Amino acid sequence: MGRDVAALKIRFCDEFDGGFGWIVDEFMARCSHALVVAGRVWVIDPLLGDGVEDRIRSAGEPAGVLQLLDRHNRDCAELAKRLGVPHHVVPTASVPPFELIPIRMGRRWKEVALWWPERRVLVCGDALGTVDYFLAGDERLGVHPLLRLRPPRKQLGRLEPAAILCGHGEGVFDNAAALLGEALSTSRRRIPAQAASAWRAWRARPS
């Protein structure tokens, strides 16, 4: 893997009875997740950090690694190898109990969202985020800056999630369905505000 796993500063987050997440202390705020279903653990867009592999193994039997975005290679292949499980790269067929929803399947951007219907949990790699540079004004959840002109309303607008987990920033566990609807319906008109927020976040980042 070519780096010291222990050197990556992570903290665990997004704790709920269906899984957990861990986030990197950095400007990009990369976040990974593990979902636990009937004693089996599915890992989503993982980065390896101190204690991550042990936490996954202690949660149950590893079942697979799901990579929701083509450029989110992160440590997906390495962790799948360590755990001895399949590495699903931008899968479009359902992986029970999850549904995979195509967000964008172009030559330069391939992304699917994961929907866990039984628990009403939505997981997005890049389409939605809660980190500062995704957000406009007082938003708590925002559409990716490059998707704001054409937000995934048809793909995600039908969902009523109880929780939204993101690949950048911590998840949303309260009022999630309303926040999703707001993010999708206002993404275009809030482009100037999002651009201003991103500029402020970039200038304020640690040097």
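Start your tour by selecting glutamate 53: setting aside its neighbours within four places in sequence, this residue is in contact with Leu79, Arg82 and Leu83. Keep in mind as you click around that you're looking at a predicted model.

**Stop 1: around glutamate 53**

Zoom out a little and colour residues 52-59, and you'll have helix 1, the home of glutamate 53. Now show the side chain of arginine 82 as sticks. What joins the side chains of glutamate 53 and arginine 82? It's a polar contact of 2.9 Å, and you can draw that distance in your viewer.

Is glutamate 53 buried or exposed? Its relative accessible area is 18%, and the cut-off for buried is under 20%, so glutamate 53 counts as buried.

**Stop 2: the sheet**

Next, switch to a cartoon view and look for an open sheet of 4 strands. Reading across, the order is 7-8-9-12, and the pairing is mixed. To find the edges, select 99-105 for strand 7 and 163-166 for strand 12; each of these edge strands pairs on one side only. Turn the view to look across the sheet: from one strand to the next, the twist averages 20 degrees.

What holds neighbouring strands together? Strands of a sheet pair through backbone hydrogen bonds, either parallel or antiparallel.

**Stop 3: strands 7 and 8**

Select residues 110-116 to light up strand 8, which runs antiparallel to strand 7. How many bridges join strand 7 to strand 8? There are 6. You can pick out a couple of facing residues here. Click on glutamate 99 and then on its bridge partner in strand 8, tryptophan 115. After that, try methionine 105, which stands opposite lysine 110 in strand 8. Follow the chain from strand 7 into strand 8 and you'll trace a hairpin with 4 residues between the two strands.

While strand 8 is still selected, turn on a surface for the rest of the protein. Since 6 of the 7 residues of strand 8 are buried, this strand is largely enclosed by the rest of the structure.

**Stop 4: on to strand 9**

Finally, add residues 121-124, which make up strand 9; strand 8 and strand 9 pair in the antiparallel sense over 3 bridges. Tryptophan 116 stands opposite valine 121 in strand 9. Strand 8 and strand 9 also form a hairpin, with 4 residues between them. Which residue in that turn has a positive phi? Select arginine 120, where phi is about 55 degrees.

Technical notes. Residues are numbered from 1 along each chain as its sequence is written. This is a predicted model: local features need pLDDT of at least 70, side-chain atom pairs count only at pLDDT 80 or more; totals for chains, interfaces and linings use all residues. Side-chain values use heavy atoms; hydrogens and water are left out. Two strands pair if DSSP finds at least two bridges between them. Axes are lines fitted to C-alpha atoms, for helices over the stretch in contact, and angles run from 0 to 180 degrees between N-to-C directions. Buried means under 20% relative accessible area, exposed over 50%, partly exposed in between (1.4 Å probe, protein chains only). A polar contact is a pair of N or O atoms within 3.5 Å; within protein, one must be able to donate a hydrogen and the other to accept it, and residues adjacent in sequence count only if both atoms are side-chain atoms. Contact means heavy atoms within 4.5 Å.
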